[in-house]
Amino acid sequence: MKSKVAGIVFIIGSLYYILAEAISATFFNSSIFNTYAFHTISELGIPNANSPLFWLMNSAFILIGLTLIFGNFYRFKDFIIKNKIIINIFTLITGFGVIIVGLIHGGNPLTSGYHTLGAVMAILGGNILLILISRSMDDFGAYQKISLILGVIGLIVFWVMFFNIQSVFMPVFERLSVYTLILWSFLTGIYLIKE
């Protein structure tokens with residue numbers, strides 16, 4: 001029963017994130033293509049005229065952070081055989097990082113440093129977490145291999161983004177490095193329900 005509950009939470013959290021971003025992007029002050037290609041996810045959460053549904057995007061950040069923390073500590077931790085302490089630490093780093101992004105907006109010089117810190121905690125911490133999880137379970141089956149691949153892709157794209165922060169396509173790199181964690185959350189939900 002605990003596996004199903006945690007699985008449903010993971011699935012709902014990941015789907016809510018994707019839908020909330022899509023809806024927020026639809027109402028952003030730009031075309032849907034330009035929003036996804038040239039505007040960061042964080043811009044969707046800034047409370048100004050450009051993003052009238054900023055509250056929806058910020059709720060998605062907070063919810064996916066809570067999803068990761070709850071899902072991991074409520075049930076998923078039981079599938080971890082090795083590296084439990086460090087995985088718990090990275091779960092908290094990732095979860096609280098995303099929550100910080102949702103609570104402290106970018107675009108404000110007084111708070112943008114905290115927002116950036118939250119984003120790095122979420123993206124870098126999250127993709128490291130996926131790699132750790134893939135190598136810390138009982139076997140190395142399809143789920144673990146997918147987790148490893150997603151984590152490696154996310155880390156590579158994060159560093160591409162980091163060294164191309166002024167690139168016009170930086171928002172694309174940002175999304176790709178975030179979506180690895182969102183996709184993992186969805187797949188983890190399915191994995192837990194099947195278990």
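This report walks through the open and enclosed spaces of a predicted model, along with one helix and one phenylalanine.

## The largest pocket

Let's start with the open space. The largest pocket holds about 380 Å³. It is lined by 18 residues, and those closest to its centre are Thr116, Ala119, Ile165, Met170 and Glu174.

Several helices share the job of lining this pocket: H3 (41-44), H6 (112-134), H7 (142-162) and H8 (170-194) each provide at least two residues. H6 makes the largest contribution, with six residues. In chemical terms, the lining of the largest pocket is made up of nine nonpolar, seven polar and two charged residues.

## Helix H4

Next, a helix to trace on your screen. H4 covers residues 54-74, 21 residues in total, and spans 30 Å between its first and last C-alpha, close to the expected 30 Å.

Many of its residues are hidden from solvent: Leu56, Met57, Asn58, Ala60, Phe61, Ile64, Gly65, Thr67, Leu68, Ile69, Gly71 and Asn72 are buried. The buried residues of H4 pack against H1 (2-26), H3, H5 (84-103), H6 and H8. As a general point, an α-helix has 3.6 residues a turn, so residues three or four places apart point the same way.

## Enclosed cavities

How many cavities of 30 Å³ or more does the structure hold? There are two. The largest cavity has a volume of about 200 Å³. Of its 17 lining residues, Phe61, Val98, Ala122, Ile123 and Val178 are the closest to the centre; Phe61 is also one of the buried residues of H4. Two or more lining residues come from each of H3, H4, H5, H6 and H8, and H8 gives the most, with five. The lining of the largest cavity has 13 nonpolar residues, three polar and one charged.

The second largest cavity has a volume of about 50 Å³. Around it sit Asn72, Phe73, Phe76, Lys77, Ile80, Ile87, Asn88, Thr91 and Ile133. H4 and H5 are the elements that supply two or more of these residues, with H5 giving the most, three. By class, the lining of the second largest cavity counts five nonpolar, three polar and one charged residues.

## Phenylalanine 162

Finally, a single residue to look up. Phenylalanine 162 belongs to helix H7. Why is phenylalanine 162 classed as partly exposed? Its relative accessible area is 45%, and the partly exposed class runs between the buried limit of 20% and the exposed limit of 50%.

Phenylalanine 173 lies 11 residues away from phenylalanine 162 along the chain, and their C-alpha atoms are 9.0 Å apart.

Key. Residues are numbered from 1 along each chain as its sequence is written. This is a predicted model: local features need pLDDT of at least 70, side-chain atom pairs count only at pLDDT 80 or more; totals for chains, interfaces and linings use all residues. Side-chain values use heavy atoms; hydrogens and water are left out. On a 1 Å grid over the protein atoms alone, a cavity is a set of points where a 1.4 Å probe fits but cannot get out, and a pocket is an open set with protein on both sides within 12 Å along at least five of seven lines; lining residues have an atom within 4 Å of a point. Grid points are joined across faces, edges and corners, and a volume is the space filled by probe spheres set on the points. Helices (H or I, at least four residues) and strands (E, at least two) are DSSP runs, numbered from the N terminus. Ala, Val, Leu, Ile, Met, Phe, Trp, Tyr, Cys and Pro count as nonpolar, Asp, Glu, Lys and Arg as charged, and the others, Gly among them, as polar. Buried means under 20% relative accessible area, exposed over 50%, partly exposed in between (1.4 Å probe, protein chains only). The expected span of a helix is 1.5 Å times one less than its number of residues. Contact means heavy atoms within 4.5 Å.
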